[in-house]
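Dear colleague,

I am passing on the structure we spoke about, and below it you will find what came out of going through it. Please read the notes with the structure open beside them.

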Amino acid sequence: MAVLKVVYLYVGSDDVETDLRFLVDGLGGELAWRFHEFGADVAGVRMGEGPMYIVADHRPAGSVLPILAVADLDSAAEGLRAAGFADPGVTVEVPDGPCTVLTAPAGNEVGLLQQTRPGALESEHDQRKA
């Protein structure tokens, strides 16, 4: 499996506003975007050169889902299935492209993302601000 990089850390929150104050004011992160849609509060924070933090109140507080960019979603998912990862058989479309979440034997989740539309999430936010 060719992992291109960890692009997002999808971080669960029970209070997005408080978590943003900590990440931005406390740690010096930069708020890139924020959405209140479909009953969810979701924000993207840049923390230097690493993956973007996505803070979301629809994920359990304290949980972190790493999202890995892969060149070929089908072959990457098949490689993890062969290594014992559980696959619920669900691939969803996110702004950047198709994403599949698999679960390691120990219970940790990992998201595989084929970025067919890189930067689409920030572009969509910018269009809404205009």
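Helices and strands here are DSSP runs, with at least four residues for a helix and at least two for a strand, and they are numbered from the N terminus. Please bear in mind that this is a predicted model. Read in that way from the N terminus, the elements of the protein follow the order β-α-β-β-β-β-α-β-β-β-α, which comes to 3 helices and 8 strands. The radius of gyration is 15 Å, close to the 14 Å that the globule rule gives for 130 residues, so the protein is as compact as a globular protein of that length. Its C-alpha trace spans about 45 × 30 × 30 Å along the principal axes, and buried residues account for 38% of the 130.

As for the surface and the charges, the protein exposes about 7,300 Å², of which carbon and sulfur atoms supply 54%. There are 20 negative and 9 positive side chains, and the centres of these two sets are 3 Å apart.

Strand β8, residues 109-113, deserves a separate paragraph, being mostly covered, with 4 of its 5 residues buried. With β5 (residues 64-70) β8 pairs in the parallel sense over 3 bridges, and there L68 stands opposite L112 of β8. With β7 (residues 97-103) the pairing of β8 is antiparallel and runs over 5 bridges, T103 having E109 in β8 as its bridge partner. The hairpin of β7 and β8 has 5 residues between the strands, and in this hairpin G107 takes a positive phi near 105°.

With best regards

Methods. Residues numbered from 1 in each chain as written. Predicted model: local features only at pLDDT ≥ 70, side-chain atom pairs only at ≥ 80, totals over all residues. Heavy atoms only, no water. Rg over C-alpha atoms; globule rule 2.2 N^0.38 Å. Buried < 20%, exposed > 50% of the residue type's maximum accessible area, 1.4 Å probe, protein only. Areas by Shrake-Rupley, 256 points an atom, 1.4 Å probe, with all protein chains shown as cover. Lys, Arg positive; Asp, Glu negative; His and termini not counted. Charge placed at Lys NZ, Arg CZ, Asp CG, Glu CD. Pairing = 2+ DSSP bridges.
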